[in-house]
Amino acid sequence: MKNLKKILALVLALVAVMTTFAACGGGETPAPEASDLKVGFIFLHDEQSTYDKNFMDAAKAACEEMGVEYAQKTQIPESKDCYDAAVELIEVDGCDIIFADSFGHESFLIDAAKKYPEVQFCHATGTQAHTAGVANFHNAFASIYQGRFLAGVAAGLKLNEMIEAGKITADQAKMGYVGAFTFAEVMSGYTSFYLGAKYVCPSVTMDVKFTGSWYDEKLEKEAAQSLIAGGCVLISQHADSMGAPTACETAGVPNVSYNGSTVAACPNTFIVSSRIDWTPYFKYMIQCVMDGKAIDTDWTGTIESGSVVLTDINEKVAAAGTAAKIEEVKAKLLDGSLNVFDTATFTVGGKAVTSYLADVDTDADFTKDTEAVEGGIFYESKHRSAPYFDMEIDGITLLDRNYG
Amino acid sequence: MAKKTDSKKEPLFHVVKRDDMPAGKAWLIRIAAIVFSFLLVGLLSMAITEKSFGETYEIMFSGVFGRLFEGKTTMLWKYLQEIAILLCLALALTPAFKMKFWNCGAEGQALVGGLASIFCMIQFGSSLSYPVLMVVIVVTSILAGAIWGIIPAVFKALFNTNETLFTLMMNYIATQIIAYYVYIEGGGSNVINPVAYGNFPTVGNNDYFVNIVTVAGITVLMYAYLRFSKQGYEISVVGESQNTARYVGINVKKVIIRTMAISGGLCGVAGMLLVAGKDHSINTNLVGGDGFTAILMSWLGQFNPFIMVVMTAIVIFLRLGVAKVADTALLNHSFSEIIVGIVILILVGCEFFIHYSIKFRQSKKEVKA
């Protein structure tokens, strides 16, 4: 009978499958217990985000160099899922250090740090380590404002070249900036970029648009396009997709990128990119655990430590002499003769800034609690590693605001 | 039923609905589809990660159950928690679907439920006593979700608007309201730090126990409601034919609005479980698309709560397990989404072949599913 045949075939197929399962179950050998140090990384997105890719590349480089194993969890939202991911990395993968890369991971990571006091927890961009009182929880960031400033110098030189070539007048030297959210990390970034450009091109102004997302290719592209339509002749961004760079390449507008080189996709518009190289920090935190030493509560990477870097300059697009000028300015930043947030170089509401209370300690009401200006200089990343510069200086126009 | 004609313009093949498949055979096909999809998952993972079939499943099990055999149950609870949320949303959608009201707004209804929870936690957390606070959270969350469900239901009942579009649009409104709320409470950093008040109690060092037990209870109640209650029967009648329902004296408008209140209210519960029982915070990604996956879960579960338990358990197993495979092999996370997508496609596909058969022109043989 036909039906019987069908059923027989199905049963045989099932039996075959079951035996495959059984064979696999029987043939397993238990994985050897990891005795060496292991690092667990928690990433907000995956390598499609330039932000996370920057961390992922550094994780791989640092762990290979230090000869330690690592495990990772990608696409971990800023919720209890971060806590669960940490638990998984510790209990299943046996990690001794946990690192998370997104701002909103922090509170959940602190909860995990309280539960596993023998594991070290490190967190990028966070603000709570210096007040949380959890010994095995640490924040880290880098003085990326210095890198942004240098990238801004490259942008300013390009503007000068355009002015000299008669393509634009000095008054038309307007840059556009695509930011994610209207808060200190982004504001500190675009302000230092602007001040870098202004350092070499005094007439520069800048328009800023916010997307309200760290990663939204469409929105970032649209924001860049609308800035270009609004008369911006050079674009930079602090958001993590390829949206703004590709919009620039299409429109033929020079772009100063972030998080890494986009020259492959944008050979005709990419000038230079600043980024934080996390490898030095990862090596530092691994070394600390190996040596049984305490990790700094707030660690700020610098140009000296190799944490703040610029990618190769795209000579095809950059103005002549950009590399030499950047080296010159970098030397001044290093010897302290030049400060990014020197209050003599900018005004707020037409007035010079002599004092500014920054919101350094995290609390529910966002109280401004710490004086950040000393001797005419706003000291960024001094009182904690994450940026806290959030003034709106003259010359920069915020076309919109987006707080999330 | 489509009847064969002798017309020469008969297409190469046509699809015929069949009602005659015995339940046993249908289930055999379903189980075969599940086994087949698991086999395929293993093979695909093998091909991409270059690990053996056994290793692949070992990694998947570790991603779902962790080191369960060493007595560490944390991961198991996480697995049950993920099932609970997806199941709760699927259960919430079921009465609406049985009524043929296509509620695509579970995401938004859960979001406003979660919003009500976090609002109460922040506003009344320090002023109300714990039991009172919890009652307020439960009531407001259910109400918020219910209101979000009632709005499209009223428009449907009174003006016969398209509920699919309406409920979908309500999702975006909910998302934007939460984005604005996060801005107010988060002060520009886009993050609301976890609130210490109004959290569900941990039972035996376990954060998710209350959530899981709650959803287990809802599962049984929903089964009983749909199967044994008069209201459940009314839902079925309205779903079959609104004219029949009217003829036998059922107030169709009332049933539509009441059912959507239940559907939305239960989504609100899911939102509450996520906020008060898990994150203690909120962001626009709170539900993470589960409101849409739940639509499939309800369908795959044939609107039967207990089958939904099995279906959600399978889907969450794959989601967590394949994510672990991807992470272990340092693969892109999309890998797990693709795999889960393929599996759901297979499961939905097998339903098609259970309910329909393909008949070819002239030739008298029937194509087997």
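The largest nonpolar core in this predicted model has 121 residues. The residues with the most contacts inside this core are A:I42, A:A86, A:I98, A:L109, A:A154 and A:I235. Which element gives the largest share of the core? That's helix α6 of chain A, residues 144-164, with 11 residues. And where does the core sit relative to the domains of chain A? Domain 1 (38-124) and domain 2 (144-280 + 288-398) both give residues to the core, so it lies between them. As a bit of background, nonpolar side chains tend to be buried together in soluble globular proteins.

Take A:A154, one of the residues with the most contacts inside the core. Leaving out residues up to four places away in sequence, A:A154 touches A:V256, A:I271, A:V272, A:I313, A:A318, A:T322 and A:I326. There's also a second, separate core, this one of 100 residues, and it includes B:V112, B:M311, B:V322 and B:F335.

Now let's zoom in on A:A112, which is found in helix α4 of chain A, residues 106-115. Is A:A112 buried or exposed? It counts as buried because it has 25 C-beta neighbours inside 10 Å, and the cut-off for being buried is 20 or more. Setting aside residues up to four places away in sequence, A:A112 touches A:Y83, A:A86, A:V87, A:I98 and A:F121. Two of those partners, A:A86 and A:I98, also appear among the residues with the most contacts inside the largest core. As for A:T131, it comes 19 residues from A:A112 along the chain, and the C-alpha atoms of the two are separated by 17 Å.

Stepping back to chain A as a whole, it has 11 helices and 19 strands. Its C-alpha trace spans about 85 × 55 × 40 Å along the principal axes. Of the 404 residues in chain A, 54% are buried. Among its contacts between residues at least 6 apart in sequence, 67% join residues at least 24 apart.

Back to the two domains of chain A: their C-alpha centres lie 27 Å apart. Where they touch, 14 residues of domain 1 are in contact with 13 residues of domain 2. On the domain 1 side, the elements giving two or more residues are α2 (50-66) and β4 (120-124) of chain A. The most comes from α2(A), with 8 residues.

The two chains touch as well: 33 residues of chain A are in contact with 37 residues of chain B. On the chain A side, α1 (2-27), β2 (69-73) and α3 (80-91) each supply at least two residues. The largest share there, 7 residues, comes from α1(A).

Chain B has a helix pair to look at too. The axes of α5 (residues 130-159) and α10 (residues 252-279) of chain B come within 6 Å and cross at roughly 145°. The crossing of α5(B) past α10(B) is right-handed.

Here are the residue classes at these contacts.

| Contact | Nonpolar | Polar | Charged |
|---|---|---|---|
| Side of domain 1 of chain A that touches domain 2 of chain A | 7 residues | 5 residues | 2 residues |
| Side of chain A that touches chain B | 13 residues | 10 residues | 10 residues |
| Contact of α5(B) with α10(B) | 18 residues | 8 residues | 2 residues |

Notes:
Residues numbered from 1 in each chain as written. Chains lettered and ligands numbered in written order. Predicted model: local features only at pLDDT ≥ 70, side-chain atom pairs only at ≥ 80, totals over all residues. Core = buried A, V, L, I, M, F, W, Y, C linked by C-beta atoms within 7 Å. Buried ≥ 20, exposed ≤ 12 C-beta atoms within 10 Å, placed from the backbone. Helix = DSSP H or I, 4+ residues; strand = E, 2+ residues; numbered from the N terminus. Domains from an automatic or database assignment. Contact = placed C-beta atoms within 7 Å. Axes fitted to C-alpha atoms, helices over the stretch in contact; angles between N-to-C directions. Left-handed = near helix turned anticlockwise from the far one by under 90°. Nonpolar A, V, L, I, M, F, W, Y, C, P; charged D, E, K, R; others polar.
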